[in-house]
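Start with the model itself, and turn it as you read. The walk begins at one helix and then moves outward.

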Amino acid sequence: MIKKVFNKPLSWLERIFFIDFIKGLSVTIRHAFSRTITTHYPYEKITPPKRFRGFHGHKVVDGTEPQPAFDEWVERFKIEVIPGRSRCVVCQLCKRACPVPELFQIEGQKLPNGKRVVGVFNMNLMLCTFCGFCVDACPVDCLFMSDIHETASYTRKDAVLTLEILEKIGRDWQRRREMEPDRIWIDDEHRQRLWYENDLKLPEVKG
Ligand code: SF4
Ligand code: SF4
């Protein structure tokens with residue numbers, strides 16, 4: 001059985017003057033002359049919001065670790081804390097939380113003094129869905145997702161983030177954005193550059 005959806009007959013006025021067609025066209029014309037909110041990527045690039053889920057990184061030990069959690073986990077796993085190196089305590093909670101755990105390769109390394117450091121930490125982002133579960137699971141605020149969003153590469157190997165790369169992304173993030181307030185836009189000017197207040201009536205963003 002065919003269900004009739006449009007069963008309202010057109011009036012003679014609508015038939016003669018194509019009123020629906022004119023209505024549709026007026027929307028097209030109105031938007032053709034309004035200001036654009038898209039950017040000309042890759043010629044024009046914007047800085048994503050702080051909470052953007054881009055490439056992962058490892059924050060390094062710099063004295064801003066969450067306390068007392070960091071010291072407790074360091075004590076529990078007998079970790080050697082090295083300033084400037086990854087905060088990772090090799091707890092594997094990120095891997096456990098991940099829906100695709102095989103993308104992680106995490107190994108601890110034993111030092112002559114009996115303590116441990118993270119020796120291997122590889123993430124194959126070809127399998128990652130960028131859900132962020134791993135970041136939420138990290139108890140020491142080590143693993144995070146950065147604003148690096150240009151993730152295309154020429155080889156599969158380039159899609160694997162090693163410990164060295166993760167630390168490098170972490171150091172860059174801590175220098176560039178760590179102290180920034182946790183808000184969607186960096187500032188009002190940043191927001192207005194693309195999202196004009198008059199067009200979109202966005203609520204006032206408070207820092
Ligand atoms: S973002 Fe999601 S899929 Fe990617 S590594 Fe983290 S938990 Fe796994
Ligand atoms: S959850 Fe954090 S501390 Fe634990 S292994 Fe993953 S990155 Fe390292």
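Among the elements that cover the buried residues of helix α3 is α4. This is a predicted model, and α3 is a good place to enter it. The helix spans residues 69-76, and its buried residues are F70, W73 and V74. Seen down the axis of α3, these buried residues fall within an arc of 105 degrees, so they line one face of the helix. The face turned away from that buried side carries E75 and R76, both exposed. After α3 comes K78, whose phi is positive, near 50 degrees.

Now step back to the whole chain. The protein chain has eight helices and five strands. Along the sequence they follow the pattern α-α-β-α-α-β-β-α-β-β-α-α-α. The chain has 207 residues, and 29% of them count as buried. Take the contacts between residues at least 6 apart in sequence: 69% of them join residues at least 24 apart.

Next, the annotated site. An unreviewed UniProt entry places the feature "binding site" at C98, C128, C131 and C134. The four residues span 37 residues in sequence, yet no two of their C-alpha atoms are more than 10.5 Å apart, so they gather at one spot. Of these residues, C131 is included in the lining of the largest pocket.

Take two of these cysteines in turn. C98 sits in the loop between α4 (93-97) and β2 (104-110). Is C98 buried or exposed? C98 is buried, because its relative accessible area is 13%, below the 20% cut-off. Leaving out residues up to four places away in sequence, C98 touches L103 and F104.

C128 lies in another part of the chain, in the loop between β3 (116-124) and α5 (133-137). C128 also counts as buried, with a relative accessibility of 17%. Its contacts, neighbours within four places in sequence set aside, are with H56 and L103. L103 therefore appears in the contacts of both C98 and C128, within the 4.5 Å that defines a contact.

What surrounds ligand 1? The shell holds 13 residues, and the closest are C98, C128, C131, G132 and C134. The annotated cysteines C98, C128, C131 and C134 are thus among the closest residues to ligand 1, where a residue counts as near if a heavy atom lies within 4 Å. By class, this shell has 10 nonpolar, three polar and no charged residues.

Move on to ligand 2. Around this ligand are H58, C88, V89, V90, C91, Q92, C94, F121, C138, P139, V140 and L143. Its shell divides into 10 nonpolar, two polar and no charged residues. Cysteines appear here too, including C88, C91, C94 and C138.

One residue closes the tour. A137 is found in helix α5. A137 is partly exposed, with a relative accessible area of 24%. Which residues does A137 touch, not counting those up to four places away in sequence? They are L93, C94 and A97. Helix α4 covers residues 93-97, so by the DSSP runs used here these three contacts of A137 fall in α4. A137 and R96 are 41 residues apart in sequence, but 8.5 Å apart in space, C-alpha to C-alpha. The path thus returns to α4, which helps to cover the buried residues of α3, with helices defined as DSSP runs.

Methods: Residues are numbered from 1 along each chain as its sequence is written. Chains are lettered from A and ligands numbered from 1 in the order in which they are written. This is a predicted model: local features need pLDDT of at least 70, side-chain atom pairs count only at pLDDT 80 or more; totals for chains, interfaces and linings use all residues. Side-chain values use heavy atoms; hydrogens and water are left out. UniProt positions are given in the numbering used here, feature names are shortened, and annotations may be inferred rather than shown by experiment. On a 1 Å grid over the protein atoms alone, a cavity is a set of points where a 1.4 Å probe fits but cannot get out, and a pocket is an open set with protein on both sides within 12 Å along at least five of seven lines; lining residues have an atom within 4 Å of a point. Helices (H or I, at least four residues) and strands (E, at least two) are DSSP runs, numbered from the N terminus. Buried means under 20% relative accessible area, exposed over 50%, partly exposed in between (1.4 Å probe, protein chains only). The arc is that of the directions from the helix axis to the C-beta atoms. Ala, Val, Leu, Ile, Met, Phe, Trp, Tyr, Cys and Pro count as nonpolar, Asp, Glu, Lys and Arg as charged, and the others, Gly among them, as polar.
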